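Thanks for coming, everyone. Let me put the structure up, and then we'll go through it together.

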Amino acid sequence: MKKTILGLFAFSMMSATALAADIKPAIIYDLGGKFDKSFNEAAFNGAEKFKTESGIEYREFEIANDAQREQALRRFASDGNSPIVMAGFNWAASLEKIAAEYPDTKFAIIDMVVEKPNVKSIVFKEQEGSYLVGVLAGLASKSKTVSFVGGMDIPLIHKFACGYVGGAKSVGADVKVLEAYTGTTPDAWNDPVKGGEIAKSQIDQGADVVYHAAGGTGVGVLQAAADAGKLGIGVDSNQNMLQPGKVLTSMLKRVDVAVYESFMAAKNDKFEFGISNLGLKEDGVGYALDDNNKALITPEMHDAVEKVKADIIAGKVQVHDYMSTESCPY
């Protein structure tokens with residue numbers, strides 16, 4: 001009997017090892033690097049959480065240019081990595097091709113929909129989270145002029161901007177929102193100097209709260225706001241600590257959760273394909289409140305933004321999705 005029990009134990013251990021060996025997760029970051037303090041770093045944090053909890057190592061790669069996308073993706077797929085998570089919409093064209101070549105590989109892409117049977121597409125309702133930080137910006141602003149600095153001038157980033165405008169103007173029709181973008185190429189995500197210059201220009205025009213959705217470029221935006229004695233608003237990751245006491249809040253986009261859950265679902269053989277659209281109701285977006293910014297958020301501001309959050313979740317407030325019409329009604 002003792003030998004039987006030991007034999008069953010050994011078999012179960014071998015089975016667990018075999019299962020773990022079958023899971024070869026990988027993540028490929030977008031331009032800007034995994035330590036951009038924003039989008040890519042959120043993805044990295046999700047992968048790290050998975051590794052800590054599961055004990056399973058993951059493979060990663062930081063591309064240096066667009067030409068590396070297809071090569072990196074094919075290499076990971078040919079090496080047997082699965083699932084492979086791609087952080088960023090710019091992976092879509094390469095994934096369309098590679099997913100068809102490797103039908104047994106599980107892929108997940110964040111911020112874009114790729115309609116392939118072996119692809120999980122994870123998108124977010126950024127407009128809802130941006131609406132909330134817009135409400136806080138409108139309430140915090142003394143000049144009644146706030147601003148937005150986007151990275152690459154594309155519909156996805158206009159989605160952030162439009163939600164922000166809607167939220168800011170919801171607290172007062174007299175609130176003015178300035179809007180600018182860093183560029184039209186992927187370099188726009190990693191130019192903190194230009195981000196700072198744009199923020200300074202907006203501050204010179206009266207803006208006293210500056211929200212960015214610009215990846216690594218946003219570090220310069222937050223620095224410029226802090227240097228001018230104004231307030232910044234971070235994005236994707238909690239960036240409150242980058243300029244403690246000078247960042248009003250951060251619009252949280254749970255890219256970390258998307259990566260973590262994709263890896264964990266594959267580990268548990270529960271990986272689902274198709275589209276996931278995560279908003280406030282799904283805890284996919286939100287705003288950050290911690291020791292770095294709690295002194296900036298008055299009880300009245302907190303109550304106001306929490307009421308709006310509840311109203312959006314309940315459907316009482318509908319936040320316009322720029323990408324549905326490629327226009328902003330606010």
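**Annotation, domains and local details**

Let's start with the record. UniProt, in an unreviewed entry, lists residues 35–310 as "domain: ABC transporter substrate-binding protein PnrA-like". Keep in mind that this is a predicted model. Across residues 35–310, helix makes up 42% and strand 22%. The end C-alpha atoms of that span sit 33 Å apart.

Now the domain assignment. How is the chain divided? Domain 1 takes 26–125 + 256–282. Domain 2 takes 126–252 + 285–324. So much for the bounds; next, the contact. Domain 1 puts 18 residues into it, and domain 2 puts in 25 residues. As for spacing, the centres of the two domains, taken over C-alpha atoms, are 26 Å apart.

What does the interface between domain 1 and domain 2 bury? About 1,700 Å², with 60% of it on carbon and sulfur atoms. Next, the polar side. Between domain 1 and domain 2, 9 residue pairs are in polar contact, both residues at pLDDT 80 or more. How many salt bridges are there between domain 1 and domain 2? The count is 0.

Look at the side of domain 1 that touches domain 2. Helix α2, residues 39–54, supplies its largest share, 3 residues. By class, that side of domain 1 has 7 nonpolar, 4 polar and 7 charged residues.

Stay on helix α2 for a moment. Side chains of opposite charge can pair when their charged atoms come close. Here is one such pair: Lys51 and Glu48 form a salt bridge through their side chains, at 3.4 Å, N to O. How are Lys51 and Glu48 placed along helix α2? They are 3 residues apart, so about one helical turn separates them. The structure as a whole holds 16 salt bridges.

Last topic: backbone geometry. Most residues other than glycine have a negative phi, and most peptide bonds are trans. Two places here are worth pointing out. One is the peptide bond from Ser82 to Pro83, which is cis, with omega near 5°. Where is Pro83? In the loop between α3 (68–78) and β3 (84–87).

The other is Asp269. Its phi is positive, about 60°, although Asp269 is not a glycine. Asp269 also lies in a loop, between α9 (255–267) and β11 (274–278).

That's my tour. Over to you.

Key:
Residues numbered from 1 in each chain as written. Predicted model: local features only at pLDDT ≥ 70, side-chain atom pairs only at ≥ 80, totals over all residues. Heavy atoms only, no water. UniProt positions renumbered as here; feature names shortened; annotations may be inferred. Helix = DSSP H or I, 4+ residues; strand = E, 2+ residues; numbered from the N terminus. Domains from an automatic or database assignment. Contact = heavy atoms within 4.5 Å. Buried area = accessible area lost by both parts, 1.4 Å probe. Salt bridge = Lys/Arg side-chain N within 4 Å of Asp/Glu carboxyl O. Polar contact = N/O pair within 3.5 Å; in protein donor to acceptor, adjacent residues only side chain to side chain. Nonpolar A, V, L, I, M, F, W, Y, C, P; charged D, E, K, R; others polar.
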